[in-house]
Amino acid sequence: MSILPTRRAPDSAAPSKGVAPSSEQRPGKKGVRASVPVQGCGGKEKMSLGANTLRNFAKLRARKTCKMDEHDLESVCEGRVFDPERLEKLSAFSKLLLYNLDVVHALVEVSSADMFKALAADLILVFKANRVEQSLIHWALVREVKRTADHATLFRSNSIATCLLSQYFRERGTSYMRRMLEPVFEKVALACDHGPLEVDPNRLPAPSRVECNRNLLLEMIQQFLHSLFSSSAAFPSTLKIVLQNMQKLVKLTFPELEFEIVGGFFFLRFLCPALIGPKSYGIDAKITPHMQRTLILFSKVLQNLSNCVPFGMKEDYMIDFNILIEENEIRMKEFLGSLANAPSDGSYFVSRGQKGDTEVIQVAHKNEALDRLLALAEENEAQVFEVLKESKEAEVSKQLREVFYPPAPARSASHSKVNEAFASEEDQLLCITQLLVSEREQRRALQEELDHAHLLLREERDMRQELQAMLVHLSEEMESQIRHRVTEALERHEIRRSSLESAEPVRREGPPLPRAQKRVGPPH
């Protein structure tokens with residue numbers, strides 16, 4: 001049985017200049033996908049499996065470090081299969097990219113601002129899959145601080161550093177954000193049944209409700225702050241090290257922003273966007289227009305509190321919230337200081353043996369992200385080399401040129417062995433596929449046995465409950481009958497005793513009466 005790889009047909013629409021096209025839009029690239037019939041399914045079902053994905057997955061299964069269900073397995077098996085030539089290019093480009101951040105700098109320089117978000121996502125995926133994302137984040141922090149002349153615009157523009165940090169915080173801080181904000185959305189939804197908690201008299205038809213809304217909003221914000229200030233221990237340590245490095249770098253150039261930068265980024269780029277747009281953080285909350293206005297007011301207070309700036313006459317309807325800012329100013333500074341205090345024992349680093357199944361799925365798509373980055377560099381080859389020339393990185397330019405134009409391999413006796421190895425890859429792929437299908441069938445059989453055992457246990461539990469109810473009912477009935485019989489016996493005994501006492505003659509006191517003498521005489 002042979003496995004024939006099939007090329008994807010390119011889309012008719014050509015990608016715009018300067019934008020890295022996807023794998024489907026590049027007819028000249030070598031990415032292919034292998035369609036493999038799944039045995040045991042009647043020949044109707046097919047799986048698309050990537051050779052690298054399957055190889056990595058088989059290794060993880062052998063080490064017993066991967067615990068995935070069928071849904072996760074299908075997600076892993078969606079990766080593209082690259083031919084050996086493209087894989088060699090991706091491997092060489094990956095080493096150059098990870099350990100020479102000048103290549104990242106060149107990719108950023110040849111990209112437009114509207115490409116930064118997608119570029120940041122690919123960079124984070126590649127660097128995080130190789131567990132060196134902290135070096136990328138540090139490079140972005142240094143770049144942002146050096147290129148900012150006015151501290152008022154620091155981390156506030158749509159720069160590559162802002163996109164990288166926002167993407168990284170979104171991936172690492174989703175669970176923390178969900179834990180913090182889900183109770184807020186529930187309370188706001190209950191409070192906004194009949195309208196938003198509006199505090200601007202010009203927006204309300206009945207200005208008399210301003211004070212009531214303001215008091216309710218103050219109470220909700222204070223409850224949230226109490227929960228927020230006690231959540232520092234739950235904040236991810238990997239994000240703490242980012243905020244700590246950010247604070248140190250900003251302090252060198254803008255000493256007056258030592259504490260403000262942490263609060264500004266945490267609230268402006270992390271918490272408040274999730275508060276107003278929770279879907280981007282994976283929080284399933286239905287935001288109505290009334291809730292949206294209330295959450296905007298909520299975020300206004302949090303941003304001013306993070307900067308310790310009271311409201312002024314520009315928003316005079318918010319002046320009453322200044323008392324909350326004054327009362328929580330000290331606690332806010334302590335909280336922001338704890339966020340920028342990463343553990344010194346290096347516990348924020350997770351070893352390779354402890355990575356979870358979600359990260360295994362992300363690693364399966366690393367090559368696709370690498371392919372998009374390499375395509376971007378190839379399409380803008382002249383500009384990339386110009387940027388590297390300006391940076392005086394001749395050695396990096398030479399290595400990148402070797403990636404673009406690898407030297408032809410010398411023909412030797414080992415060349416045939418290499419071809420044989422590539423030819424045997426098809427058989428290895430089939431073998432691994434059969435193992436995966438067999439394992440899935442075994443898992444399905446075990447699941448059926450487990451379901452049957454659960455059914456038997458449920459029936460046994462119901463039977464025990466019925467027997468217990470019967471025993472309780474029987475004991476109660478027997479107790480009632482015994483009590484009734486004892487009562488009847490006592491009543492009969494009492495009646496008999498009473499009858500005996502009434503039949504016994506009454507004894508008189510004193511001497512016995514003389515007997516009547518017999519009368520002798522003539523009969524009448």
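**Exercise 1. State how much accessible surface the protein has, and what share of that surface belongs to carbon and sulfur atoms.**

Solution. The accessible surface comes to about 31700 Å², by the Shrake-Rupley method with a 1.4 Å probe. Of this surface, 54% belongs to carbon and sulfur atoms. The model is predicted, so that local features need pLDDT of at least 70 and side-chain atom pairs count only at pLDDT 80 or more, whereas totals for chains, interfaces and linings use all residues. Residues are numbered from 1 along each chain as its sequence is written, and side-chain values use heavy atoms, with hydrogens and water left out.

**Exercise 2. Describe helix α6, its buried residues and what covers them.**

Solution. Begin with the span: α6 (residues 133–147) has 15 residues and reaches 21 Å from first to last C-alpha, close to the 21 Å expected at 1.5 Å a residue, where the expected span is 1.5 Å times one less than the number of residues. Next, list the residues that are buried (under 20% relative accessible area, 1.4 Å probe, protein chains only): Glu 133, Leu 136, Ile 137, Trp 139, Ala 140, Leu 141, Arg 143, Glu 144 and Val 145. Finally, their cover includes α4 (101–109), α5 (116–129), α7 (160–172) and α10 (237–253).

**Exercise 3. Find the residues with the most contacts inside the largest nonpolar core, and follow Leu 228 outwards.**

Solution. This core (buried Ala, Val, Leu, Ile, Met, Phe, Trp, Tyr and Cys residues joined through side-chain atoms within 4.5 Å) has 109 residues, and Phe 93, Leu 97, Leu 228 and Phe 266 have the most contacts inside it. Helix α11 (residues 260–276) supplies the largest share, 10 residues. Leaving aside residues up to four places away in sequence, Leu 228 touches (heavy atoms within 4.5 Å) Tyr 176, Met 180, Phe 266, Phe 267, Leu 271 and Phe 335.

Technical notes: Helices (H or I, at least four residues) and strands (E, at least two) are DSSP runs, numbered from the N terminus. Buried means under 20% relative accessible area, exposed over 50%, partly exposed in between (1.4 Å probe, protein chains only).
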